[in-house]
Amino acid sequence: MFNYSEYLREEKLPHIWCPGCGHGIVTKSLIRAVDKAGWDKDKIVLVSGIGCASRLPGYIDVNTLHTAHGRALAFATGIKLARPDMHVIVVSGDGDGLAIGGNHFIHACRRNIDITTIIFNNGIYGMTGGQYSPTTAYGDKTSTSPFGNMEPNFDVVDISIGAGATFVARGTSYHVPQLDNYIYKALTHKGFSVVDVAEACFTTHGRKNKNKYKTNIDMLKWQKDHAVPRSKADALTDEERENAIITGIFKDSVRPEFTERYDELIKQLKTKGE
Amino acid sequence: MSKQEKFEFIQGNLACAKGAAYAGCDFFGGYPITPSTEIAEFMSGYLPKKGGKFIQMEDEISSIGSIIGASLVGKKAMTATSGPGFSLMQELLGYACIAEVPIVIVDIMRGGPSTGLPTAPAQSDLQQAKWGTHGDHPVIALIPNSVEEMFTETVRAFNLAEYFRTPVIVLGDEIIGHMREKIRIPEPGELQIVNRTRPSTAAPETDLVTTPYHALGNDPATLPKFGKSRIHVTGLNHDITGFPTSDSEMVGDLNTRIIAKIYEQRDIVDNFQLLEVEDAEILVLAVGSASRAAEEAVLELREQGVKAGLFRPITLWPFPKAEFRKYAKHAKWIVVPEMNLGQLKVVAERFVKLEKVVPINLVNGEPLNPELIISTIKRLV
């Protein structure tokens, strides 16, 4: 049995998350992955923005920073560049990371700075009561799309790869051993790594779409039934693809990492100056 | 003159960057914007040579975010911008206030609103510096009026940021930023350099992790840097443990302490210049580049027998109200020349009768000249 106590600020529990929310599942997965990486807790900085997922750092016994809405990667970039020896992890919701924080996200990918970003992707603004986000499915009803969402949604994997991230994976809050593996690989990857985690929010999203989900358990089962491994994705029809969560590791490549390059420059300039 | 004395003929923006270097700045995060860009350009070449870090971020929001992050791991961090970028930084300026993170923000003011006049001078952000971010918050803003002061006030900005653990703003403007003057570069050790108090000297060692925001009286919180202990930092109202709270007593304590820590130590913050104020019947209140014209006007008027004087805040916020009141009380007229539509005038009006305050406003992108101030004052006498 894994002992979580070492990593939790137990006095801060219970957490704020609702029954059926996947955030607790992903949190435990992250803890197991960090433990497997064997890092010194003093050398870990866990950074978040604003939203339900962004409350996560408060529960974890490492250096923790709860920033402003969308800005976790901006703070994290400063920390990592200033202290490349520290392990910097960003946890973010889909609205926080991809809407208000979208510009920082693509530029962090482009820089290939050694930060791991986990997107807690439940397709909704949970904390403010269920407004549609950049990853809300087309047609879903939310508190700001009462007639159904009219906007197409982002594919986090496509954006990450397009912007230059060097490790990109997608898992779900249902397929936990697979998620442990993806997060561990992301943490130990040198460069900017993204793990997109398909999740669900019954409290603010599911209950407005009872034609799709009757209960919070249904939302987890939906992940089980609609997850398709990357290897089988090519066989899907366009319609099937719309409703699928395609999981797997989509990118695992080597490209010079930003802070290493910067330290190399400092070394070169020092040699030149001597 | 000693042999080692070093003089340079440089522009204000460069003096600001060199002042930052003198103060020990080892992290810069910024975004290009006229008329401040020379500061970033200098730092991009200077910092890596000294083992420091420079990064050009994707916008001004992430620029200030990056320097708050760097400061939390112990760096002396700064950014430089102008009006539009300063507007974008406002939310995280408040973050640095409540989380008590020392940073320096240089705003080389230009004409506004919006994109305004990018290459022309203005004093458009005096009130934005004070009230730009939401909520009640502490503000320290310094406003140099020469190339030399761009150097020395930037050093002081770092010192105040480190001492109070709060953001400090340096308000330059296009004239001060781009004008060239000869300045003497101080020797290392000549100017005092303040580094933030180590937590161990302020609180018992055992409290570092559990109560990093425990401050004595009106002192700043002396939280340890990340990597030394596993603390939590948030922009939410927090208690002395650093964790969010909505307890009304603790919320009230924090909101008042972060302001009181500065306003109760005015002797450390205040800085101003007095010129011919003792018997002044006409007191000119001016800052930044406008005060250069005001200074010349006052000296010229004195030659003509007019009892004019100049009160020039160098620390604009908090406003040096006690000293200003002392000289304003006896003056018949308070003349406020400024390159905006009255942002400093409203401050003067708080301390004297409204009828005594005479504004001189210029918002056409031209610098204020002494003749305009002289002719206005002559009409009064």
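How many salt bridges are there between chain A and chain B? The count between these two chains is four, and I would like to use that answer as a way into the structure, which, I should say at once, is a predicted model.

Let me begin with one of these bridges, in which the side chain of Lys53(B) meets that of Asp263(A), with 3.4 Å from N to O. The pair qualifies because a salt bridge requires the nitrogen of Lys or Arg to be within 4 Å of a carboxyl oxygen of Asp or Glu. Alongside the salt bridges, 19 residue pairs are in polar contact between chain A and chain B, counting pairs with both residues at pLDDT 80 or more.

Which elements of chain A supply at least two residues each to the side that touches chain B? They are strand S2 (63-66), helix H2 (72-82), helix H4 (102-111) and helix H10 (258-273). H2(A) gives the most to this side, with seven residues. If we sort the residues on this side of chain A by character, we find 17 nonpolar, 11 polar and 10 charged.

Now let us turn to the extent of the interface. The size of an interface is often given as the accessible area lost when the parts come together. Here the area buried between chain A and chain B is about 3,100 Å², and carbon and sulfur atoms give 62% of that. On the side of chain A, the three residues His66(A), Phe75(A) and Tyr262(A) supply 17% of the area that the chain buries against chain B, more than any other three residues. In terms of contacts, 38 residues of chain A touch 37 residues of chain B.

The two chains also share strand pairing, since S2(A) pairs with strand S10 (residues 232-234) of chain B in the parallel sense, over three bridges. Within that pairing, Thr64(A) has His232(B) in S10(B) as its bridge partner.

Leaving the interface, I would like to look at salt bridges over all chains, where the count comes to 31. One of them joins Arg32(A) and Asp180(A), whose closest N and O atoms are 2.7 Å apart. This pair links distant parts of the chain, with Arg32(A) in helix H1 (residues 23-37) and Asp180(A) in helix H6 (residues 176-188), 148 residues apart.

Next come the aromatic rings, of which there are 15 pairs over all chains. Why is the pair of Phe42(B) and Tyr46(B) described as stacked? The ring centres are 5.5 Å apart and the planes stand at 15°, so the pair is stacked, as planes under 30 degrees apart count as such. Both residues lie in helix H2 (residues 37-49) of chain B, four residues apart, which is about one turn of the helix.

Finally, a few details of the backbone. The peptide bond from Leu13(A) to Pro14(A) is cis, with omega near 5°, and Pro14(A) has its place in the segment before H1 of chain A. In chain B, a cis peptide bond joins Trp317(B) and Pro318(B), with omega about -5°, and Pro318(B) is found in the loop between strand S14 (315-317) and helix H13 (321-328). Ser114(B), although not a glycine, has a positive phi of about 55°, and this serine lies in the loop between strand S5 (103-111) and strand S6 (117-121) of chain B.

Conventions
Residues are numbered from 1 along each chain as its sequence is written. Chains are lettered from A and ligands numbered from 1 in the order in which they are written. This is a predicted model: local features need pLDDT of at least 70, side-chain atom pairs count only at pLDDT 80 or more; totals for chains, interfaces and linings use all residues. Side-chain values use heavy atoms; hydrogens and water are left out. Contact means heavy atoms within 4.5 Å. Buried area is the accessible area (1.4 Å probe) that two parts lose on being put together, summed over both. A polar contact is a pair of N or O atoms within 3.5 Å; within protein, one must be able to donate a hydrogen and the other to accept it, and residues adjacent in sequence count only if both atoms are side-chain atoms. Ala, Val, Leu, Ile, Met, Phe, Trp, Tyr, Cys and Pro count as nonpolar, Asp, Glu, Lys and Arg as charged, and the others, Gly among them, as polar. Two strands pair if DSSP finds at least two bridges between them. Rings of Phe, Tyr and Trp (its six-membered ring) pair if their centres lie within 6.5 Å; planes under 30 degrees apart count as stacked, over 60 as edge-to-face and the rest as tilted.
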